[in-house]
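Please look through the structure below with the following explanation at hand, which moves from single side chains to ring pairs and then to domains.

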Amino acid sequence: MHAHRGSRKLIPVLRRTAQLILIAAATWWLFADTIARYRPTENPNQIRFAHFGSHEDYTLWRKLIDAFETANPTITIKQEFIPGWYGRYDSKIRRQILSKTLPDIVLMQLAPYRRLAPHFQPIDDLADAIGLENFAPTAIQAFQFKSEKSKRAPTHTTNQSEPRPSGSGFASKRKPTPNKPNAQETPHTRDNTLHALPVSGGNLLIYLNLDCYEEAVRRGRILNPSPPDDWTMTDFQQLAEAMTYDENNDGRLDRFGFWRPRWLYYIPFIWSFDARLTNDATTTWQLIGPNAEHAFDFYRELAATRRVCPKPSDLPQIIQDVGFLSGKVGMCVNGPWFQPFLAKTRLRDRYIVMTIPTGPNGIRATRITWDGLCISGTRGQAAQRNARAFVRFCLSSEAQGIIARTGRALPALNESLPEFLGQPTDDRRTSFITALSYARLQPDWPEFVRVDRAIGRHLEKWIGEPEHVDAHAFLGALAEDDAIRESFEP
Amino acid sequence: MKIEVNTKPNRSWRTVLTYTALCVVATLFALPLIACLLTSLQPLERVYDANAPLLPSQPRWTNYVEVFRTLPFARFMVNSTLISTTAAFGAVLTSSMAGYALANLNLPYRRLWFTALIATLILPSQILFIPQFMLFDALGWIGTYKPLIVPAWLGGGAFNIFLFRQFFKSIPKPLAEAAELDGASPWQCYRYVMMPTARPVVVTAASLSFMLHWRFFFGPLMYLSDFNTFPVSLGLRMYQTLAGTWINLLMAATVISTIPLLAIFLMGQRFFPDAVSPNSDAD
Amino acid sequence: MIASKRRPTKPEPHSRKRHALLFAAPWLAGLVILSIGPMFASLILSFTRWDGLSFSDGIEWVGTANYHELDDEFTKSLTNSLVYSALAVPLGLIVSLALALLANARLRGIRIFRTILMLPYMLGGVATIMIAGWIFNPRFGLMNRCMNLAYAVLDPVVRIVNTTGTTDWPTPDWLYSPTACKPALVLLHLWLGGGSMLVFLAALQRIPRSLHEAARLDGAGTASRFRHVTLVHLSPAILFNLIVGWVFAMQAFDQSYLLYNRSQRDGLLFYMLNVYRTAFDAPYRMGYAAALCWILFCILAITAGSLFVFTRKRIYYVSQSQHAPIY
């Protein structure tokens, strides 16, 4: 034994003390959060805020939070960010609803919002305080939980009267938001109130790569040296064909005119062909009949017959963004959020944004969707008040200006739309604001995801089949799919 | 009897053959990793050019800087290190203790527990996920690293226990018994006789646990909500989906994320063969 | 249990028992809290219809309905997983055994080769799946670039036989095709075969050299020695790798989740991916998902158990005394 005789007694004592400290520390580490979870008085000045999106969205919200915290030094906002748009965020929110740990403020997309709205606080008074007429067209309707009939009516009538090209300002398009409907009119209403306020949105237009266009001009495949201001479906198809060719003559196409959109991004075309997915009340499936067949014939023609769209195996693992960026695909359907991405690439000044082509009946439409802020109300009055303060801040001209200036999304307030245009005014951004006039809300129905998947599955199969049935039979089979039969009335 | 006669020339011939086979196989196994490395040094345009040579004409090292600039990747690395180290430590400690109890001590209902151990090996982890989430939530652990670390301190994985048990069983009985007859307590026996002998298993179990937690994807996904607490596995996925397919950055991030695994593997690998021993009595 | 009978009388059996419980306490606690408890909870859940939102009004007892109202996705995903496992497991066994035999050679520098063969397995996880996703890119990935190169080299040779040469030889679309996506994942599985190779290698190194010498002196050829000495001694390792490989292949999830795309037309819709979607995508059928988990668990338990029982007589376990000299 080399230990000193004097320390012999001390060592066990020291050891025991160390053990006790260790155990105490471990216990504290394990259960401090548990105590915090059940502590009755939570700090109402600490607000949790959950959102989804890309890293750019994260930095944008960070900026908004910083601005809010500077203005309200007593309140701190804890940012809980889940990367991505679908699935994981949604299921996370559901888990949190289940465990009653929902953050005070939650950013929601339309489709999940419809199912989860009852779990959030009604915030009509906030909307009234801002003034319903100050919101951009369709923004408020998106979150009003009422029948599709009264929601669609205004936008639909506008569409038929305005197949108008770009150029006119957005200010004149402002129309009064309809009053809240009463419950008797709306059999499918579960709630009449707003459970969310829109903060940002996006509509879909066509991006055109100028390098591809000019290369097609150089090769003599197009005569018009610059792209047209306004166009029809036939113009669109011709341009797509002109930009599709075999560059190196190896017998394999390597330049394509158009990135085949998935059906959700094809909705603008479906609408422009004057077809519709459902009736206004979203109770019956109406994607049948000659107009719908026309729309899907056009789709199949682009994808398979004329082959202006790459098959997945032509440009594998290239997502739309990279396909467009690398000039392998001349056109694609995308929203305003695509622009900041392109701004970071060498394509910065080499693309333009085109409108959706007008359909044979002179109709032009596009799809718009909004993201909204919800207040969960899982905590006390004080916390809710602070949460409302943040939501109110996000709809201030300051915050809306920050959102608009990124160019990633349209602001929800009319007064901030000019900020979206950028300095100096960017024509491409103007197109998105002009498109607000003919934009219709993305359709939603309770079983959205299931039906979405069913349509996608049918469409892929139909496009992939060498010996295909005609559009009539395709749409008939789709309408007979279990997902659609069970989600809609016959 | 020809074998006996031809031993010498046969031998050298076989050596050459074995080397050739080894070289071919090793090349096949290493090629994807090399391709990953090469892609990580290309600009995006060349990555998507089927005619461009695989070898970058000018290695673009800035991709590696870009990785850290696009996303807070350094943060992810630190988080992963923290989670994996703590978890690995707990896994080795508790799994070796459990293995010792199963192999050398009279654990009551030993057969039952052992069966349960094997059963948990084949239990689809998703069965447990929903109830576990509810449990961790009740404890207020959501959003912390505890749901990722604490399970490692509670047994450290069936496979590790299995490894330790098999190893302790194979230690000649007289060794342990001699210590016990000298008056050593089971704890002392574990600490001073068994664990030093079991060094290969300790290294193996520690490395495996570290790697397992480093690669763990779905736990962090469901339990962590704050972006700044993300580990590397979630970070990699973000390069795939969020910033467009920046495949060159994704590959660069992949390369960086595997460096710690590579280091641990290279340091620990000489112990691995001694640790895995399914030949011993399987009860 | 024979071992415990043989053992001399213990000094203090009670203390040993107490110590045993103490030593096993963390694990046993974990077993109860994290495995057995949740297992029963999910078993109960599997007899209910529940969307995972609230207990008070959302949960509904439906008896065994979840177990006999299985949908098409179930059949599709089970078939996918079975096909994948049927390809991946036997091939994986053969390849990793072959690799182990190669890596067992007593040659200079063998360590380096072993390291390279183990490397993909050790790096594993999201990283290797990402690499595979890129390698199997039909147009730009390494795999098809190599195939095209090989075709180009073969072209003059083939032209002797036919006129077109290799120009119309196809390259598969791998992860972008409904048929080639599973082979791609099987190749990925083979690439990650280092783990089972390690098990084989350890078992190979425990075969006493004297046995091979003796067999050789008896006049046994290489093939015969491989069959009667090597394979017999490897039988526990083979069984172990078979069971582990089978269980893991049937539960494969990460690769199908991360590499899923729409051109596969559900070719990579593996069983656990279907479970995950059932539970965590709308319409959130938690109860049904729990039932699916239990069906898989029963399949795995029965197959693994019967494998174990039926091979019992054919497995040669080396007794303690026989491999003692190694230590």
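A residue is called buried here when its relative accessible area is under 20%, and exposed when that area is over 50%. The model under discussion is a predicted one. Phe324(A), with a relative accessible area of 0%, is therefore buried, and Tyr207(A), also at 0%, is buried as well.

These two residues belong to a wider set of aromatic pairs, which number 56 over all chains. The ring centres of Tyr207(A) and Phe324(A) lie 6.1 Å apart with the planes at 80°, and because an angle over 60 degrees counts as edge-to-face, the pair is placed in that class. The pair joins distant parts of the chain, since Tyr207(A) is in strand S5 (residues 205–209) of chain A and Phe324(A) is in helix H11 (residues 320–325) of chain A, 117 residues apart. Another pair, that of Phe296(A) and Tyr299(A), is tilted, with 6.5 Å from centre to centre and 55° between the planes. Both of its members lie in helix H10 (residues 290–305) of chain A, three residues apart, or about one turn of the helix, and both Phe296(A) and Tyr299(A) are buried. They are also part of a cluster linked by ring pairs, whose members include Trp231(A), Phe258(A), Phe273(A), Trp462(A) and Phe474(A).

Rings are also met by charged side chains. Arg429(A) lies over the face of Phe420(A), 5.7 Å from the ring centre, while the charged end of Lys146(B) sits over the ring of Trp29(A), at 5.3 Å from its centre.

A polar residue offers another view of chain A. Asp104(A) lies in the loop between helix H3 (88–98) and strand S3 (105–108) of chain A, and its relative accessible area of 5% means that Asp104(A) is buried. The side chain of Asp104(A) reaches the backbone nitrogen of Arg48(A) at 2.9 Å, and among the residues that Asp104(A) touches, beyond those up to four places away in sequence, are Ile47(A), Cys374(A), Arg379(A) and Ala387(A).

Chain B can be read through its domain assignment, which gives domain 1 (8–62) and domain 2 (71–276). The C-alpha centres of these two domains of chain B lie 32 Å apart, and their contact takes nine residues from domain 1 and eight residues from domain 2. The area buried between the two domains of chain B is about 670 Å², of which carbon and sulfur atoms give 76%. On the side of domain 1 of chain B, Cys36(B), Ser40(B) and Leu44(B) lose the most area to domain 2, together 58% of what that side buries.

Note on methods: Residues numbered from 1 in each chain as written. Chains lettered and ligands numbered in written order. Predicted model: local features only at pLDDT ≥ 70, side-chain atom pairs only at ≥ 80, totals over all residues. Heavy atoms only, no water. Helix = DSSP H or I, 4+ residues; strand = E, 2+ residues; numbered from the N terminus. Buried < 20%, exposed > 50% of the residue type's maximum accessible area, 1.4 Å probe, protein only. Polar contact = N/O pair within 3.5 Å; in protein donor to acceptor, adjacent residues only side chain to side chain. Contact = heavy atoms within 4.5 Å. Phe/Tyr/Trp six-rings, centres within 6.5 Å; stacked < 30°, edge-to-face > 60°. Lys NZ or Arg CZ within 6 Å of the ring centre and 35° of its normal. Domains from an automatic or database assignment. Buried area = accessible area lost by both parts, 1.4 Å probe.
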